[in-house]
Amino acid sequence: MTFSETALQYVKPDSRVLDLGAGKGWFAQQALKKEGIVTAVDQKMPSAKNEAVDWRITDVKQYLETLSNKDMFQVIYSRNMIQFLDSNWVEKELLPILVRHLDPRGILAIQTFYQEPEPRFDTALTSVHTLANLKSLLKNLHVVHERQFS
């Protein structure tokens with residue numbers, strides 16, 4: 001089972017879903033099919049936009065500034081995004097904000113690189129996190145699934 005398929009198992013009807021770095025919106029669309037209430041955040045509008053998804057065309061930092069204390073999500077999903085953000089900001093700002101906006105029974109699903117890929121991306125990675133590093137930063141959360149590839 002893929003990372004995305006695993007995360008989708010937690011989307012229930014009427015769950016609030018936040019897709020950070022949504023790209024083309026594949027996860028957002030799949031969560032919508034499971035009757036989730038979906039907010040997708042990306043800097044670019046996808047070519048095929050479903051009006052039922054609440055698309056926020058902005059960067060993650062700016063979007064997080066718009067959240068109120070009442071904005072809670074049952075699923076927060078981020079695939080291959082945090083490695084392009086400043087490591088210090090990820091650790092000190094992003095992760096604590098996501099935890100604050102995660103329902104107590106919710107799931108925070110993060111997939112990222114822990115080393116530079118081969119071949120390298122055109123855009124350099126600015127933040128790499130090992131599984132152990134992420135677990136230490138999120139130590140108050142219960143881990144339901146973890147996997148690190150070589």
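Select D54 to begin: in this predicted model, D54 is partly exposed, with a relative accessible area of 31%. Add R56 to the selection, and a salt bridge between the two side chains appears, the closest N and O atoms being 2.9 Å apart. R56 is likewise partly exposed, its relative accessible area being 32%. In general, side chains of opposite charge can pair when their charged atoms come close.

Next, keep the charged side chains on display and move to R16 and D71, whose side chains meet in a salt bridge with an N to O distance of 3.9 Å. This pair links distant parts of the chain, since R16 belongs to strand β1 (residues 16-20) while D71 sits in the loop between α3 and β4 (73-79), 55 residues apart. R16 counts as partly exposed, at 25% relative accessibility. A search of the whole structure finds two salt bridges, and with this stop both have been visited.

Now switch to a cartoon of the whole chain. It contains five helices and five strands, and when read along the sequence these follow the pattern α-β-α-β-β-α-β-α-β-α. Colouring by accessibility is useful at this point: of the 150 residues in the chain, 41% are buried.

From the cartoon, pick out strand β2, where D42 is placed. Is D42 paired with an opposite charge or left without a salt bridge? D42 is buried yet has no salt bridge, and K44, the nearest side chain of opposite charge, is 6.7 Å away. A distance drawn to the backbone of K44 instead gives another picture, for the backbone nitrogen of K44 lies 3.1 Å from a polar atom of the D42 side chain.

Keep D42 selected and bring up the surface around it, where the second largest pocket can be examined. Rolling a probe the size of a water molecule over the atoms shows where empty space is left. About 460 Å³ of space lies in this second largest pocket. Its lining consists of 18 residues, and those that lie nearest its centre are G21, D42, Q43, M81 and F84. To see which elements contribute, highlight β2 (37-42) and α3 (60-65), each of which supplies at least two residues of the lining. Colouring the lining of the second largest pocket by class gives seven nonpolar, six polar and five charged residues.

The last stops concern backbone geometry in two loops. Most residues other than glycine have a negative phi, and most peptide bonds are trans. Select D14, in the loop between α1 (3-8) and β1: although D14 is not a glycine, it has a positive phi of about 70 degrees. At 60% relative accessibility, D14 counts as exposed. Then select E35, which lies in the loop between α2 (26-33) and β2; E35 also has a positive phi of about 70 degrees without being a glycine. With a relative accessible area of 52%, E35 is exposed.

Finally, leave E35 on screen and add K12, which lies in the loop between α1 and β1. K12 is partly exposed, with a relative accessible area of 47%. Which distance separates the C-alpha atoms of K12 and E35? They are separated by 6.8 Å, although K12 and E35 are 23 residues apart along the chain.

Methods
Residues are numbered from 1 along each chain as its sequence is written. This is a predicted model: local features need pLDDT of at least 70, side-chain atom pairs count only at pLDDT 80 or more; totals for chains, interfaces and linings use all residues. Side-chain values use heavy atoms; hydrogens and water are left out. On a 1 Å grid over the protein atoms alone, a cavity is a set of points where a 1.4 Å probe fits but cannot get out, and a pocket is an open set with protein on both sides within 12 Å along at least five of seven lines; lining residues have an atom within 4 Å of a point. Grid points are joined across faces, edges and corners, and a volume is the space filled by probe spheres set on the points. Helices (H or I, at least four residues) and strands (E, at least two) are DSSP runs, numbered from the N terminus. Ala, Val, Leu, Ile, Met, Phe, Trp, Tyr, Cys and Pro count as nonpolar, Asp, Glu, Lys and Arg as charged, and the others, Gly among them, as polar. A salt bridge is a side-chain nitrogen of Lys or Arg within 4 Å of a carboxyl oxygen of Asp or Glu. Buried means under 20% relative accessible area, exposed over 50%, partly exposed in between (1.4 Å probe, protein chains only). Lys and Arg count as positive and Asp and Glu as negative; His and the chain ends are not counted. A polar contact is a pair of N or O atoms within 3.5 Å; within protein, one must be able to donate a hydrogen and the other to accept it, and residues adjacent in sequence count only if both atoms are side-chain atoms.
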